[in-house]
Amino acid sequence: MNKVVLKSALITVASLVAVGILTFSLWILISPQSMAAVSEKLGNYGFAVTCADLQYKYSGESYDLARCAEDSVLTGNDKLIVKYCGELIGKDDFDEVCRRRDEELARTDFGSFAIDYNTYILSNLVVAQYREGDLRLAVTTAERGKKVECFRKLVIEVVKYGTPEDLGNLQAYPTRIDAQEYVKGLIESLLQKS
């Protein structure tokens, strides 16, 4: 009798687990956007990137790709940042995505404290590119920014963790005069504080 009860209980538990897995899988496939939102709220940004990527593959919309880029930044995974932010800045409608995200952010409590979306994406991308070993590409990417502040995170990263050679190259690589002056001034300021 005990074996029958135990067997029935195990079958019931296995059935419930199977139904749960099936429901979870269908939820991801049917509504990856809502699954990404749930994952973001739980702080599981790695899984949120996976769900957002599935939504982007369904829609092909740059705005969905922007969500992948944002979640990849929150993961801190340089490979994901380079992949999604790099793809996003290559889109023809990147400026429109930036404008739209800036408008949305302006309507929140954080709007007055936030940097513009273009600078946010580019500054995170350039630091990831540098950490992946390509300083020249990072500088070239930063120069695409509308503001020289795209260099700020990169300069801080190189001053804190880079080699003297990286520091010299960072000052030599920019082609825009405003970027050269900004980088040089920020490096001098940071080195004086240390």
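The paragraphs below lead through this structure from its overall make-up to a few groups of side chains. The model is a predicted one, and every value quoted here is computed from it.

The protein has eleven helices and zero strands, so that, read from the N terminus, its order of elements is α-α-α-α-α-α-α-α-α-α-α. Of its 194 residues, 36% count as buried. When contacts with a sequence separation of 6 or more are considered, 56% of them join residues that are 24 or more positions apart. The area that the protein exposes comes to about 11500 Å², and carbon and sulfur atoms supply 59% of that area.

The interior is a good place to begin. The largest nonpolar core holds 43 residues, and the members that touch the most other members are L88, I121, F151, L154 and L170. Helix 7 gives the most to this core, contributing eight residues. Leaving out residues up to four places away in sequence, L88 touches S62, L65, A66, A69, F94, Y117 and I121. Two of these names lead onward: S62 belongs to the stretch of helix 4, which covers residues 62-75, while Y117 lies in helix 7, which covers residues 117-131.

Helix 7 also carries the aromatic pair of the model, the count by the rule applied here being one. The ring centres of Y117 and Y120 are 6.3 Å apart and the ring planes stand at 35°, so the pair is tilted, since planes must be under 30 degrees apart to count as stacked and over 60 to count as edge-to-face. The two tyrosines are three residues apart within helix 7, about one turn of the helix. How do their surroundings compare with respect to solvent, buried or partly exposed? Y117 has a relative accessible area of 7% and is buried, whereas Y120, with 25%, is partly exposed; the dividing value is 20%, because buried means under 20% relative accessible area. T119 is placed in helix 7 as well, and with a relative accessible area of 3% T119 is buried. Apart from residues up to four places away in sequence, T119 touches K147, E149 and C150.

From helix 7 the path goes to Y63, a residue of helix 4. Y63 is partly exposed, its relative accessibility being 22%. Which residues does Y63 contact, once its neighbours within four places in sequence are left aside? They are V97, R100, R101 and E104. With one of them, R100, the arrangement can be described further, for the charged end of R100 sits over the ring of Y63, 3.6 Å from the centre of that ring. The chain also brings Y63 and D93 to a C-alpha separation of 9.2 Å, although these two residues are 30 residues apart along the chain.

R100 leads in turn to the charged side chains. The structure holds twelve salt bridges, and a network of such bridges links E70, R100, R101 and E104. R100, R101 and E104 thus appear both in this network and among the contacts of Y63.

Helix 6, which covers residues 94-106, contains R99 and E96, three residues apart and separated by about one helical turn. These two form a salt bridge in which the closest N and O atoms are 2.3 Å apart. R99 also meets E103 in a salt bridge, at 2.4 Å from N to O, and here the two residues are four apart in helix 6, again about one turn of the helix. The three residues are partly exposed, with relative accessibility of 37% for R99, 39% for E96 and 38% for E103.

A further salt bridge spans a longer stretch of the chain. K79 pairs with E132, the closest N and O atoms being 3.5 Å apart. K79 lies in helix 5 (residues 78-89) and E132 in the loop between helix 7 and helix 8 (135-142), so this bridge ties together parts that are 53 residues apart in sequence. The two partners differ in their accessibility class: K79, at 58% relative accessible area, is exposed, while E132, at 42%, is partly exposed.

Definitions and conventions
Residues numbered from 1 in each chain as written. Predicted model: local features only at pLDDT ≥ 70, side-chain atom pairs only at ≥ 80, totals over all residues. Heavy atoms only, no water. Buried < 20%, exposed > 50% of the residue type's maximum accessible area, 1.4 Å probe, protein only. Contact = heavy atoms within 4.5 Å. Areas by Shrake-Rupley, 256 points an atom, 1.4 Å probe, with all protein chains shown as cover. Phe/Tyr/Trp six-rings, centres within 6.5 Å; stacked < 30°, edge-to-face > 60°. Lys NZ or Arg CZ within 6 Å of the ring centre and 35° of its normal. Salt bridge = Lys/Arg side-chain N within 4 Å of Asp/Glu carboxyl O. Core = buried A, V, L, I, M, F, W, Y, C linked by side-chain atoms within 4.5 Å.
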